[in-house]
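Here is a short note to read alongside the model. The points are numbered so that each can be checked in turn.

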Amino acid sequence: MLDSHNIEMNHKYLDEHGMDELIGIIKHELAHYHLHIEGRGYQHKDRDFRELIKKVGAPRFCTPLPSELKKRVQSFKVYACSVCKQPYHRKRRINTAKYVCGKCGGKLQYIKTLER
Ligand SMILES: [Zn+2]
Ligand SMILES: [Zn+2]
């Protein structure tokens, strides 16, 4: 947690990955905090971070920090009316047999899934 500089570890890590990897993860997290406290580049893409990681022999990637989690890509499905081509964006799949275009009542067609 970058606010408190506490490290939260999930017990599952130890069970699933073993001690060596757990130590790697802790080193990695400490690198984040160390650089964050010093006001240097503490993100994965930052050079400061990558160099420190190399120096201490920690893995380059960790489980996402809560702040990174919020930025996670959202995907949504694009549908369009088969008659008037009005586009519709939905987070979930919809049953195109059940829903029709709000403008003209035409059948909706699945177009593609977008990420942002
Ligand atoms: Zn990380
Ligand atoms: Zn329509």
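Which protein donors hold the zinc ion (ligand 2), and at what distance from it do they lie?

1. Basis of the note. This is a predicted model, in which local features need pLDDT of at least 70 and side-chain atom pairs count only at pLDDT 80 or more, while totals for chains, interfaces and linings use all residues. Residues are numbered from 1 along each chain as its sequence is written, chains are lettered from A and ligands numbered from 1 in the order in which they are written, and side-chain values use heavy atoms, with hydrogens and water left out.

2. The zinc donors. The zinc ion (ligand 2) has as its protein donors the SG atoms of Cys81, Cys84, Cys101 and Cys104, at 2.3 to 2.4 Å. Donors here are N, O and S atoms within 2.8 Å of the metal (3.2 Å for Na, K and Ca); water is not among the atoms, so sites may look incomplete. Along the chain, the donors of this ion follow the spacing C-x2-C-x16-C-x2-C.

3. The zinc geometry. The arrangement of the four donor atoms around the zinc ion (ligand 2) is tetrahedral because they subtend angles of 99 to 118 degrees. The rule for four donors to count as tetrahedral is that all angles lie between 85 and 135 degrees. For comparison, the ideal angle for four tetrahedral donors is 109.5 degrees.

4. Two of the donors and the solvent. Is Cys101 buried or exposed? Cys101 is buried, with a relative accessible area of 4%, whereas Cys104 is partly exposed at 40%. Buried means under 20% relative accessible area, exposed over 50%, and partly exposed in between (1.4 Å probe, protein chains only). In the chain of 116 residues, buried residues make up 27%.

5. Order of the elements. The chain has three helices and three strands, and from the N terminus on they run α-α-α-β-β-β. Helices (H or I, at least four residues) and strands (E, at least two) are DSSP runs, numbered from the N terminus.

6. The sheet. How are the three strands ordered in the sheet? They form an open sheet in the order 2-1-3, with antiparallel pairing. Strand 2 (87-90) and strand 3 (108-115) are at the edges with a single partner strand each, so one side of each has no neighbour in the sheet. Neighbouring strands of this sheet are turned by 25 degrees against each other on average, direction ignored. The axes behind this angle are lines fitted to C-alpha atoms, for helices over the stretch in contact, and angles run from 0 to 180 degrees between N-to-C directions.

7. One strand pair. Strand 1 (residues 75-81) and strand 2 pair in the antiparallel sense over four bridges; two strands count as paired if DSSP finds at least two bridges between them. In this sheet, Ala80 stands opposite Pro87 in strand 2.

8. A lysine in strand 1. Lys77 is in strand 1 and is buried, with a relative accessible area of 16%. Residues up to four places away in sequence left aside, Lys77 touches several others, among them Tyr88, His89, Tyr110 and Thr113. Contact means heavy atoms within 4.5 Å.

9. Salt bridges. How many salt bridges are there? The count is four, a salt bridge being a side-chain nitrogen of Lys or Arg within 4 Å of a carboxyl oxygen of Asp or Glu. Glu38, Arg40 and Asp48 are linked in a network: Glu38 meets Arg40 at 2.8 Å, N to O, and the closest N and O atoms of Asp48 and Arg40 are 3.6 Å apart. Glu38 is partly exposed at 43% relative accessibility, as is Arg40 at 38% and Asp48 at 27%.

10. A salt bridge within a helix. Glu51 forms a salt bridge with Arg47, the closest N and O atoms being 3.2 Å apart. Both residues lie in helix 2 (residues 47-56), four residues apart, which is about one turn of the helix. Glu51 is partly exposed at 43%, and Arg47 is exposed at 60%.

11. A glycine in helix 1. Gly24 lies in helix 1 (residues 11-37) and is buried, with a relative accessible area of 9%. Neighbours within four places in sequence aside, Gly24 is in contact with Ala58 and Pro59. Gly24 and Cys62 are 38 residues apart in sequence and 9.3 Å apart in space, C-alpha to C-alpha.

Definitions and conventions. Four donors count as tetrahedral if all angles lie between 85 and 135 degrees; four count as square planar and six as octahedral if opposite donors are over 155 degrees apart and all others between 65 and 115; anything else is irregular.
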